[in-house]
Amino acid sequence: MTMHTRRELSLRSYASALLVILTAFASRGACAAVCRVAVDGLAGNDGTSWQTAPKDLHSALADAGCSELWLKQGVYRPVTTTGTPTSTERAITFQISRDLLLYGGFAGTESALGERDPVAYPTILSGDIQGDDTDPDANGIIETTDDIVGANSFHVVTMGGQDGSSVTAATLLDGITITAGYTLGAPIPYGGGLLCWAYATDAVCSPRLNDVNFSGNLAGQGGGGMMSFADGTDRDSSPSLTRVRFSGNYARQGG
């Protein structure tokens, strides 16, 4: 039988507790990976560098190793088409199916979050997949739904939805503009700019939106700029909006 002194047991307990704390911090650091994203980024890049390895937005949203996305200025489209978009192309969306932090407003040189400037370096998520909408000031932002030409993305951004995923208050969209969504002809005619949908049993769609602009989005039914709903009594959709601006959006029912 091995005998241990009280001091030995105390030191061992301390060491074990310290190991747990260090492991927790290491895990937290691993989960908090920053991925840099650019319009011309590539899916195979890891997002660690603005200059050599920015990711494209679709792959960054899907990459579990990216929990904080820094978006370089520019106009991001879910897909680009050269001819009349098909329904399949229009259904492509920036899908958010997990909790993450998404920040816009980077010039592409910053090394710290506090260095960004969303006003000087606008980040725009656009449903103008043909690039033919009316844009007199050429800033990539569609001012009103009258400026939409042809067929655009059904939903520029989708959170949750029929994939059954949940998006909680741990998710943040900050410093971006969402524009030119167009749900006419869509299977789900709601939420041209953002469709936030708690679909599956016990699903949640309750992100935080800070300094987000919704401009020139159109819905055939409700929620031209944004639609948030829970599809059943055991689901919840309660987004938090801070300094969110809706301008020039339109919906036939409940704009």
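Author: A disulfide is a pair of cysteine sulfur atoms within 2.5 Å. The model shown here is predicted, and 2 disulfides are counted in it.

Reader: What makes Cys196 and Cys205 a disulfide?

Author: Their sulfur atoms are 2.0 Å apart. The limit is 2.5 Å, so the pair of Cys196 and Cys205 qualifies.

Reader: How do you know which hand the link of Cys196 and Cys205 has?

Author: The angle about the S-S bond is -120°, and the link is left-handed.

Reader: Are Cys196 and Cys205 buried or exposed?

Author: Both Cys196 and Cys205 are buried. That word stands for a relative accessible area under 20%.

Reader: Why is the pair of Cys35 and Cys66 called a disulfide?

Author: The sulfur atoms of Cys35 and Cys66 lie 2.1 Å apart. The cut-off is 2.5 Å, so this pair is a disulfide too. Its angle about the S-S bond is -80°, and this link is left-handed.

Reader: Which parts of the chain does the pair of Cys35 and Cys66 tie together?

Author: Cys35 is in strand β1 (residues 34-37), while Cys66 is in the loop between α2 (57-62) and β2 (68-72). The two parts are 31 residues apart in sequence, so the pair ties them together across that separation. Cys35 and Cys66 are both buried.

Reader: What is the pairing when the bonded cysteines are numbered in sequence order?

Author: The pairing is 1-2, 3-4.

Reader: How many salt bridges are there in the whole structure, and what makes a pair count as one?

Author: The search finds 4. A pair counts if a side-chain nitrogen of Lys or Arg is within 4 Å of a carboxyl oxygen of Asp or Glu. In general, side chains of opposite charge can pair when their charged atoms come close.

Reader: Why is the pair of Asp63 and Lys55 called a salt bridge?

Author: The closest N and O atoms of Asp63 and Lys55 are 3.6 Å apart. The limit is 4 Å, so the pair is a salt bridge.

Reader: What are the burial classes of Asp63 and Lys55?

Author: Asp63 has a relative accessible area of 28%. Partly exposed covers the range between 20% and 50%, so Asp63 is partly exposed. Lys55 has 3% relative accessibility. This is under 20%, so Lys55 is buried.

Reader: How do you know that Asp211 and Arg243 form a salt bridge?

Author: Their closest N and O atoms are 2.8 Å apart, and the rule asks for a distance within 4 Å. The pair links distant parts of the chain, with Asp211 in strand β10 (residues 208-215) and Arg243 in the loop between β13 (240-242) and β14 (245-247), 32 residues apart.

Reader: Are Asp211 and Arg243 buried or exposed?

Author: Asp211 is partly exposed, at 30%. Arg243 has 56% relative accessibility. Exposed means over 50%, so Arg243 belongs to that class.

Reader: What makes Asp234 and Arg235 a salt bridge?

Author: Their closest N and O atoms are 2.6 Å apart. Set against the limit of 4 Å, this distance counts, so the pair is a salt bridge. Asp234, at 32%, is partly exposed. Arg235 has 21% relative accessibility, and values under 20% count as buried, so Arg235 is partly exposed.

Reader: Why is strand β8 said to be largely enclosed?

Author: Strand β8 (residues 172-179) has 8 of its 8 residues buried, so the rest of the structure largely encloses this strand.

Reader: How do you know which strands pair with β8?

Author: At least two bridges are needed for a pair. Strand β5 (residues 101-106) has 3 bridges to β8, and the two run parallel. Strand β6 (residues 123-126) also runs parallel to β8, over 3 bridges. Between β8 and β10 there are 7 bridges, again parallel. Each count meets the requirement, so β5, β6 and β10 pair with β8.

Reader: Which residues stand opposite each other in these pairings?

Author: Among them, Leu102 has Leu173 of β8 as its bridge partner. Leu125 is partnered by Ile178 of β8, and Thr179 stands opposite Ser215 in β10.

Reader: Where is Ser165, and is Ser165 buried or exposed?

Author: Ser165 is in the loop between β7 (157-160) and β8. Its relative accessibility is 12%, which is under 20%, so Ser165 counts as buried.

Reader: What makes the link between Ser165 and Asp163 a polar contact?

Author: The side chains of Ser165 and Asp163 come to 2.8 Å, and the distance limit for such a contact is 3.5 Å.

Reader: Which other residues does Ser165 touch, leaving out those up to four places away in sequence?

Author: Ser165 touches Ile96, Ser97, Gly160, Ala203 and Val204. From Ser165 to Arg98 the C-alpha distance is 6.9 Å, although the two are 67 residues apart in sequence.

Notes: Residues are numbered from 1 along each chain as its sequence is written. This is a predicted model: local features need pLDDT of at least 70, side-chain atom pairs count only at pLDDT 80 or more; totals for chains, interfaces and linings use all residues. Side-chain values use heavy atoms; hydrogens and water are left out. Buried means under 20% relative accessible area, exposed over 50%, partly exposed in between (1.4 Å probe, protein chains only). Helices (H or I, at least four residues) and strands (E, at least two) are DSSP runs, numbered from the N terminus. Contact means heavy atoms within 4.5 Å. A polar contact is a pair of N or O atoms within 3.5 Å; within protein, one must be able to donate a hydrogen and the other to accept it, and residues adjacent in sequence count only if both atoms are side-chain atoms.
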